[in-house]
Amino acid sequence: EYACRAGTTTPFSFGEQITTDQVNYNGNYPYAGGEKGEYREKTVPVKALPANPWGLHQMHGNVWEWVQDCWHANYSGAPKDGSAWTTGCSGSTRVLRGGSWGSGPAYLRSANRFGYAPDNRDSGSGLRLARTP
């Protein structure tokens with residue numbers, strides 16, 4: 001969420017609304033008074049669409065991204081420093097974030113997260129590798 005927000009407090013790092021010129025999602029479903037857009041029905045290459053304010057591409061849409069956190073029903077007891085939450089998990093369910101090319105825009109909000117079994121695979125899920133300096 002921290003990387004997706006890129007210092008913003010709006011639903012998307014691009015503002016209150018998004019368009020399919022910014023993000024790869026199911027454009028048949030407008031968000032917050034926005035207009036319908038393109039529905040590509042597949043992933044797009046990295047850097048095919050604009051980066052967020054921190055220069056990160058496709059933090060919203062394209063594919064759901066697995067994160068290190070395990071699933072919790074709410075944020076009660078979450079680490080205050082933004083680090084991964086890997087203790088006190090609800091079973092083996094893990095967290096996906098970001099939404100995919102097939103998602104409606106509400107699922108792409110910076111704060112949205114989804115719990116899923118870690119052995120599930122589909123064309124709308126992927127991962128992002130990150131490293132610390």
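Reader: Where is the place of Ser110 among the strands?

Author: Ser110 sits in the loop between strand 2 and strand 3. Strands are DSSP runs of E of at least two residues, helices are runs of H or I of at least four, and both are numbered from the N terminus. Please keep in mind that this is a predicted model, in which local features need pLDDT of at least 70 and side-chain atom pairs count only at pLDDT 80 or more, while totals for chains, interfaces and linings use all residues. Residues are numbered from 1 along each chain as its sequence is written, and side-chain values use heavy atoms, with hydrogens and water left out.

Reader: Why is Ser110 called buried?

Author: Buried means under 20% relative accessible area, exposed means over 50%, and partly exposed is in between (1.4 Å probe, protein chains only). Ser110 has 2%, so it counts as buried.

Reader: Which residues does Ser110 touch?

Author: Contact means heavy atoms within 4.5 Å. Not counting residues up to four places away in sequence, Ser110 touches Glu1, Cys4, Arg5, Thr10, Pro11, Phe12, Ser13, His60 and Arg97.

Reader: What makes Ser92 and Ala73 exposed?

Author: Ser92 has a relative accessible area of 53% and Ala73 has 66%, so both values satisfy the cut-off for exposed. Ser92 lies in the loop between strand 1 (64-70) and strand 2 (94-97), and Ala73 is in the loop between strand 1 and strand 2 too.

Reader: How many Å separate each of these residues from Phe114?

Author: From C-alpha to C-alpha, Ala73 and Phe114 are 9.9 Å apart in space, with their positions 41 residues apart in sequence. Ser92 and Phe114 are 13 Å apart in space and 22 residues apart in sequence.

Reader: Why do strand 1 and strand 2 count as a pair?

Author: Two strands pair if DSSP finds at least two bridges between them. Strand 1 and strand 2 are joined by 3 bridges, so they satisfy that definition, and they run antiparallel. Within this pair, Cys70 stands opposite Arg94, and Glu65 stands opposite Arg97.

Reader: What makes the pairing of the sheet mixed?

Author: The open sheet has 4 strands in the order 3-2-1-4, and its pairing is mixed. The edge strands are strand 3 (113-116) and strand 4 (125-127), each pairing on one side only. Strand 2 and strand 3 pair in the antiparallel sense over 4 bridges, and Arg94 has Tyr116 in strand 3 as its bridge partner. Strand 1 and strand 4, in contrast, run parallel and are joined by 3 bridges.

Reader: Why is Glu65 called buried?

Author: Glu65 has 11% relative accessibility, so it falls in the buried class. Glu65 belongs to strand 1 and stands opposite Gly126 in strand 4. Leaving aside neighbours within four places in sequence, Glu65 is in contact with Gln58, Val95, Leu96, Arg97, Gly126 and Arg128.

Reader: What makes an empty space a cavity or a pocket?

Author: Rolling a probe the size of a water molecule over the atoms shows where empty space is left. On a 1 Å grid over the protein atoms alone, a cavity is a set of points where a 1.4 Å probe fits but cannot get out; a pocket is an open set with protein on both sides within 12 Å along at least five of seven lines; lining residues have an atom within 4 Å of a point. Grid points are joined across faces, edges and corners, and a volume is the space filled by probe spheres set on the points.

Reader: How many cavities of 30 Å³ or more does the search find?

Author: The search of the whole structure finds 1 cavity of 30 Å³ or more. The largest cavity has a volume of about 60 Å³, and its lining includes Ser13, Phe14, Gln58 and His60.

Reader: How many charged residues are in that lining?

Author: Ala, Val, Leu, Ile, Met, Phe, Trp, Tyr, Cys and Pro count as nonpolar, Asp, Glu, Lys and Arg as charged, and the others, Gly among them, as polar. The lining of the largest cavity has 5 nonpolar, 6 polar and no charged residues.

Reader: What is the volume of the largest pocket?

Author: The largest pocket has a volume of about 1,200 Å³. Of the 35 residues that line it, Glu1, Tyr2, Val67, Asp69 and Gly82 are the closest to its centre. Strand 1 gives the largest share of this lining, 6 residues. By class, the lining of the largest pocket divides into 18 nonpolar, 8 polar and 9 charged residues.
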